[in-house]
Each structure stands twice: as C-alpha cells, then as structure tokens.
Amino acid sequence: MDRRQFLRCVAVAVGAPLVYQCGVHRSTDRFVSQDGLLELSLTAQAQTQTVGDSSAEVLTYNRQLPGPILEAQAGDTVRITLNNQLETPTNLHYHGLHISPQVDDVFQQVLPGERYTYEFQIPSGHPAVTAWYHPHYHLDVARQVFGGLAGPFIIRGELDTIPELQQAEEALLLLQDFDASGQQLHALGKKWGREGSLLLASGQPKPTVAISQNGLLRLRLINGSASRIYQLQLQDHPWFLIATDRGAISAPTPLDTLRLSPGERAEVMIPGQQEPGDYRLVNLPYNRGMGSMLASLGETVEQMAGVVQPTHTTLAILRYQKSSHSQPLPLPKELIAVKPLLAPMTTRQFVLNHGIGGGSTGFIINDKSFDMNRIDTRVKLGHVEDWRIVNKASIDHPFHLHTNRFQVLERNGQPVSLLAWKDTVSLKGYETVTLRVRFEDFVGRTVYHCHILDHEDQGMMGILEIS
Ligand SMILES: [Cu+2]
C-alpha cells in the first residue's frame, strides 16, 4: 500500500464497510479503546513529507498527517504518552472533552526529548462528540498546529445508540491548510492569523468519500486549521446537521452552507438518495475581515507569506457506490433533546480587541494581554453564567472556552434559534454574542481564548478559575 492509499484510508475508513480497503493499516491509523481502556503513544516530530504536489517540512504525530484517529466510549480510561521529538516544548489539549483542567492542562510543558503521560477517565455520562487533540503550548501554538499537529478524538455515547445512526456509514475529514511556498511567515501573517493556500482534508487534496446508494453517511468535520475559517457547501446535494462541537442537536436540520471557524466541529448526515455520481464538498470564499487590511496595505498583501486571498476550493468528492439497500435508509426523526440551561446567577462581559497594522496594541481581552500569573475570571462550580462577548475589532475572532460546554443565546441582540452545545463560537467584526455556561464537575484553572491561534499566542487569552 502506498502513501496515497494509506492516507485515503484515514479519510474514509471510519465506517465498518470500508475495513477491507485498508487492511492491516487500519489498526495503526485508528486507536479504539479495548475493555474500557484507550492506551497509546503519540510521537510529535518534524519530517519532510509530500504535501499535495510539493515536498514540505511538516509536524506530525506518529508520522501521520493528521494524527491518528482516537476513539473511546463514555466511561473509558484514556492513557496517552506524548513523546516530544520536536525541537521545542509542546503539550496536548483535548479540545471538546469535558475532563479536569488539572489533566487537560495548557500550562503543562513537555520538553524536547521528554515523555509525559496523560491519564484520565471520560465521564460516564459524556455526550458522544467529535473532539480533537492538538498542542497548546503558549506562544508557539499557531506554528505547531499550522505545521500539522492535530488529530481527531471520537467519543461514542448515547447518540450512537440511535438505530438510524447505527445503520449509517461513517467518515471523517479533518481540515487543514498549509503553506508550501517555503517562505518565512510575514509579520502581518502573524497579526492576521497565518493561512496557507494548500487545503487538505485528512491529509489529502480532494479525497474521495464513499456513500452507498440509498445508504446514509454520517460525516464528521473538524476545522484543524490555525486561522482559516471554512464556509462549506455540499454542491447539488442535501445534507443535514446532526451535531455541533459538544454533541447532538435535537433533530436533523437541513443545511445550506456550514461555517466552521478554527476549533469548531460538526457532524452531518447525508442521505444517498440523489442521482448516483460525484458531488463536491467545497470551501466557498469567506472574508474574515481582510477588507480593512487591504484598504490600509493595498495589493502588497498578496506577496506576504501567511496571508492568502479567499478562494473557491474543492475539499473532497462524495462518490456514490452501488449497494444492497433496495429502500432508502431513513434519517432519524429525533436525536437527543438539548435542554436550555437555567437562568444565570452572574453576567459578565468580555471585550475582544487589538490593533492591526501600524501602532499595534497587541491582542487583548478586557484591555489585558494574557498573563500566566494572573487569574482573570473567578467562578463557582455549579453556577450558571451569561457571558457577553463583544468583538470591537474589524476582523473575526472565534471565542473558545476550555473544559465546559455552552449554549449560544443571542447574536447582535437577536435570539439564536438553534439550541446546541458548543465550545467555540465565531464572531464577525463588531459582532456581539451572548453565551450561557454552567461550570460542571471540575474545579481548577482553565482558559478561554481566541481560536485564531496567532491571536491567542499574542495575548488574546484569559485564565478562568473554577472553585
Ligand atoms: Cu482572534
């Protein structure tokens, strides 16, 4: 099996019917818990690899791009040894897991040449989620994630017991962008949030995802890019949202475009009931506020490594395959009820801002740049709070809270109709969002930050202490 086939397996081999295509490699690309234990090692290292049509220096876990798929059940024990073969310190963040911040600790430092073992139990009532793991070593997060360090982490739970979902095939695409030019990142690329023009889905340009005629495909999507916001569309084909960052919504909801900012995930269901053929999953041009930068800098922006213009790109091909289903498999009518959180005990405001271009003031939340020795927000375990996030800047900022999930209530003063569990919410320039969160199960110090990772590295992060 060559490298190309091998990577294709990572992209499409999540459903049991595709096992045979991938043979022995499947077990090394995908670690599934056995008898309640998920145990593995992840070696982070730099390597030269063919990326698209060119050869590039990338950062990988276990020599795979993206890292191996991890899969566990609610209630399982997880033991992951991180072996740091990079030249810089690193660590792991389990984005999307509700576990103790004392384990999922962004302040942990794993030095070059060292190993560190993370051990935790996934709570027994944990929702079924599409989560992911990536480094969170402050000041170097954007470079490490943009280099390729990211991998999927699937948790199975109640959602997986729904009969229609059990009949569905599964696939997963982790979306990343790379800069294959080999140029040094321009200083403005860092302010803007670095992007590359080469888009890969699970390590490949335009992989094929199989769908059985009359079957049902459950597709998990992860934005593993450091800064890029995807505006996804499945062309000429119906698709339905079934889950957001932290698990199922109440019922399948028809989608047109699906916007995923860095860190966000979605699960969609695709019924194989169209004319058999190929359908494109595309990324539509999405402008996250470059207009203001172009106005001040002109066309020179186009020559700056790390700053790329929005384009229309095919990310993957959905390809029909003959199947034994004589009747179409139905979509589930209901998924899992999302109950609204109770009224808040406290309301807080978080103002995101920065200077970009000349006279930069850094990236700040409530006028402060991140300080590892300062607690910015203190909350009580069990309390419900409303957080009003105000973006005073002209460009988008996705706001991410670690450890706990939240519900988005309002955007620009208008109620949000879809009740869903989230851990990352994107704000366009000058937008305001209100989210509601309950601090559940775990005390300790955790963080909230902008998930454009260059912004986080430059200070758009705060420390939350739950006691
Ligand atoms: Cu930001």
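Here is a short conversation about this predicted model.

Guide: Welcome! Residues are numbered from 1 along each chain as its sequence is written. The model is predicted: local features need pLDDT of at least 70, side-chain atom pairs count only at pLDDT 80 or more, and totals for chains, interfaces and linings use all residues.

Visitor: What makes β22 an edge strand of its sheet?

Guide: The open sheet runs β22-β21-β24-β29-β26-β27, with mixed pairing. Strands here are DSSP runs of E, at least two residues long, numbered from the N terminus. Two strands pair if DSSP finds at least two bridges between them. Strand β21 (residues 346–354) and β22 have three bridges, in the antiparallel sense, so they satisfy that rule. One bridge joins histidine 354 to phenylalanine 363 in β22. Strand β22 (363–365) pairs on one side only, and that makes it an edge, as β27 (414–415) is too.

Visitor: Which residues is isoleucine 270 in contact with, leaving aside its neighbours within four places in sequence?

Guide: Ile211, Leu217, Leu219, Leu234, His237, Trp239 and Leu318. Each counts because its C-beta atom, placed from the backbone, lies within 7 Å of the one in isoleucine 270.

Visitor: How do you know how confident the predictor is?

Guide: Look at pLDDT, the predictor's confidence in each residue, from 0 to 100. The protein's mean is 91, and 90% of its residues reach 70 or more. Over residues 1–28, though, the value is below 50; this stretch still has 43 contacts in the model beyond near neighbours in sequence.

Conventions. Contact = placed C-beta atoms within 7 Å. Helix = DSSP H or I, 4+ residues; strand = E, 2+ residues; numbered from the N terminus.
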